[in-house]
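Colleague: I've got this model open and would like to know what the labels on it rest on. Can you take me through them?

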Amino acid sequence: MIKFENVSKVYNDGFKAVDSVSFEIPEGEIVVLIGPSGSGKSTTMKMINRMIPHTTGTISIDGNDVTKLNAAELRRNIGYVIQQIGLFAHYTIEKNIAIVPQLKGWNAQDIKKRVKELLEMVELDPEIFSNRYPKELSGGQQQRVGVARALASNPRIILMDEPFGALDPITREQLQGELISLQQKLKKTIVFVTHDMDEALKLGDRIAIMKDGNLLQLDTPEKLLQEPTNGFVEEFIGKHRIIQNPELMSVEEVMVETVLTSLPGRSPEKSLAMMRKHKKTFLVIVDENDTMMGIVSAYDVIKKMDEIKTIEEIMRTTEPFLLSSQSAKDAIVMMSNASLEIIPVVDETKRVVGLVTRGTLLSALSSQWTELEATNE
């Protein structure tokens, strides 16, 4: 659907932001562009809708060279979501979402229907939010409106430039989950820019690693981990962190001992406040003896806030857990089945003693690799 052929971007001072990049994105796929600052990822994305014109090469959508298309019309047919959100402060939420359909000549009745549909889709009650102004919304609510506005004219392509980067961890986790749910329903073609590898691994059907304007590798998360093309990709994606005999490392070497726990009778309001205070997106539920009972996510709490009295009602009891006697390899294998990307660690009495996440797993194993390299030198 989207095709780059030897595309470069060179500025007037000679700086080459993107250097002869070639790749294709099929319809319905989420491709995440990631790399260090100055790698060219945002520039690459913005060249798709001509927010930044490319210097050489060809960018095409459905076989049509974007330079041959009317720039304004091209942008109206591509959804665009940015970190700063960019809502018009003097417009109501309804008017903000309606902008592109109005520019495209939709009639008022269809626009109103579409706004209502989109607000419901991003879980904002139209009766409550339609006539509010951006300053009356939280950051997470504003970002939901930004997503709704990007979807307003039902574009096939959506560009997302670090849309959740400025949000707190709980809101960010929630919106990531909602984006995945929306994508399962809508099957849009999404180009997503981020600095966060965990976000890339969670959202991307494929991930593009960029450095110094070059596209080093574009593959599925699994293939990037298993077959990195060079040392930079290996280090950046973390492949080297999980290949060095993980079966010989115990779970205790890759877990964190501090776990945010709660009794099952805690109210959803107090649970959410607790998670926000500690900047966590989940709670491990335990009984009076610290015996694990299940897991509750902030996302679940927010969605069910008005329907439950205690978090026990939405506790996930089928999530995997690890025994402290198991290996890091066991953690790696189990992680694919952990929907929240966390695995509690328990002792032989099922008392919670630690926690493994994708991030702590990769970080701990990375340290082992570094120590091994230093020893070999």
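Modeller: Sure, let's start with a charge and a ring: Arg132 lies over the face of Phe129, at 5.0 Å from the ring centre. Keep in mind that this is a predicted model, where local features need pLDDT of at least 70 and side-chain atom pairs count only at pLDDT 80 or more, while totals for chains, interfaces and linings use all residues. Residues are numbered from 1 along each chain as its sequence is written, and side-chain values use heavy atoms, with hydrogens and water left out.

Colleague: What makes Arg132 count as lying over the face of Phe129?

Modeller: The rule asks for NZ of Lys or CZ of Arg within 6 Å of the ring centre and within 35 degrees of the ring normal. Arg132 is at 5.0 Å from the centre of the Phe129 ring. Lys9 also lies over a ring face, that of Tyr11, at 4.8 Å from the ring centre.

Colleague: Now the ring pairs. How many aromatic pairs are there?

Modeller: Rings of Phe, Tyr and Trp (its six-membered ring) pair if their centres lie within 6.5 Å; planes under 30 degrees apart are stacked, over 60 edge-to-face, and the rest tilted. By this rule there are four aromatic pairs.

Colleague: Why is the pair of Phe88 and Tyr91 called tilted?

Modeller: Their ring centres are 5.5 Å apart and their planes stand at 50 degrees, so the pair is tilted.

Colleague: And what makes Phe232 and Phe236 stacked?

Modeller: Those two rings are 5.5 Å centre to centre, with 20 degrees between the planes. Both residues lie in helix α10 (residues 231–237), four residues apart, about one turn of the helix. Helices here are DSSP runs (H or I, at least four residues), strands likewise (E, at least two), numbered from the N terminus.

Colleague: Why is Phe232 called partly exposed?

Modeller: Buried means under 20% relative accessible area, exposed over 50%, and partly exposed in between (1.4 Å probe, protein chains only). Phe232 has 23%, so it is partly exposed. Phe236 gets that label at 22%.

Colleague: On to charges. How do you know that Asp161 and Lys46 form a salt bridge?

Modeller: A salt bridge needs a side-chain nitrogen of Lys or Arg within 4 Å of a carboxyl oxygen of Asp or Glu. For Asp161 and Lys46 the N to O distance is 3.9 Å. Asp161 lies in strand β7 (residues 157–161) and Lys46 in helix α1 (residues 41–46), so the pair ties together parts that are 115 residues apart in sequence. The structure holds 22 salt bridges.

Colleague: Is Asp161 buried or exposed?

Modeller: Buried, because its relative accessibility is 11%. Its partner Lys46 is partly exposed at 24%.

Colleague: What about Glu307, why is that one called exposed?

Modeller: Because its relative accessible area is 55%. Glu307 meets Lys304 in a salt bridge at 3.7 Å, N to O, and Lys304 is partly exposed, at 35%.

Colleague: Last one: what makes β1 and β2 a pair of strands?

Modeller: Two strands pair if DSSP finds at least two bridges between them. Six bridges join strand β1 (residues 2–10) to strand β2 (residues 16–25), and the two run antiparallel. Lys3 stands opposite Glu24 in β2, and a network of salt bridges links Lys3, Glu5 and Glu24. The hairpin has five residues between the strands, and in it Gly14 takes a positive phi near 95 degrees.
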